[in-house]
Amino acid sequence: MRQGIHPEYQECTVRCSCGNTFTTRSTKKELFVELCNECHPFYTGQQKFVDTGGRVQRFSDKFGGAAQAALERDKAAKAKRQEEAEAQAAKLKAERDKKAQEKAERARKYEEEAAKNKPAEEEQAEAEEAKAEEPSEAAEADKEAQE
């Protein structure tokens with residue numbers, strides 16, 4: 001062993017939470033433990049709750065608030081995503097409604113123009129029919145002249 005780098009090995013007093021004390025050897029002068037051979041359930045055969053206000057409680061005090069804060073943070077993030085999704089859906093619905101309204105307006109204008117142009121188209125059709133009948137009248141006149 002190298003000299004000067006190891007702690008001093010000395011007699012140590014061990015004290016248990018049940019009140020039992022005994023001596024052993026260690027690098028520390030005193031040790032405090034929660035269980036010993038006098039109070040451990042394996043040796044006594046009795047159930048003992050060691051963590052009542054002990055390790056579990058200390059862990060919860062130290063990190064329990066962090067776990068709760070993480071849950072709240074996740075819940076807030078989920079609510080925010082839900083609101084964003086609803087806003088996006090409302091925006092898309094408004095755009096669809098606007099496009100449908102524009103389409104209906106274009107259809108109405110087209111029908112108005114078709115209604116305005118209809119009498120002119122009817123006159124044109126009558127004029128074409130009259131032209132088609134004129135050659136037949138001329139053909140009849142030719143037939144009469146030949147007879």
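Helices here are DSSP runs of H or I with at least four residues, and strands are E runs of at least two, numbered from the N terminus. With that settled, I opened the model, which is a predicted one.

**Entry: elements.** I went through the secondary structure and got two helices and three strands for the chain. Reading along the sequence, I get the pattern β-β-β-α-α.

**Entry: the sheet.** How are the three strands ordered? I find an open sheet, order S2-S1-S3, and the pairing is mixed. Strands S2 (21-26) and S3 (30-33) sit at the edges, each of them pairing on one side only. I also looked up the twist: from one strand to the next, the average is 30°.

**Entry: S1 against S2.** In general, strands of a sheet pair through backbone hydrogen bonds, parallel or antiparallel. Which way do S1 and S2 run? They're antiparallel, with six bridges joining S1 (residues 10-16) to S2. I picked out one residue to follow across: Cys12 has Thr24 in S2 as its bridge partner.

**Entry: burial and surface.** What share of the chain is buried? I took buried as under 20% relative accessible area, and buried residues come to 5% of the 147 in the chain. The exposed area is about 13500 Å², and carbon and sulfur atoms supply 51% of that.

**Entry: contact range.** Last lookup: contacts in the chain between residues at least 6 apart in sequence. Of those, 3% join residues at least 24 apart. I'm jotting that beside the burial figure of 5% and closing the notebook.

Methods
Residues numbered from 1 in each chain as written. Predicted model: local features only at pLDDT ≥ 70, side-chain atom pairs only at ≥ 80, totals over all residues. Heavy atoms only, no water. Pairing = 2+ DSSP bridges. Axes fitted to C-alpha atoms, helices over the stretch in contact; angles between N-to-C directions. Buried < 20%, exposed > 50% of the residue type's maximum accessible area, 1.4 Å probe, protein only. Contact = heavy atoms within 4.5 Å. Areas by Shrake-Rupley, 256 points an atom, 1.4 Å probe, with all protein chains shown as cover.
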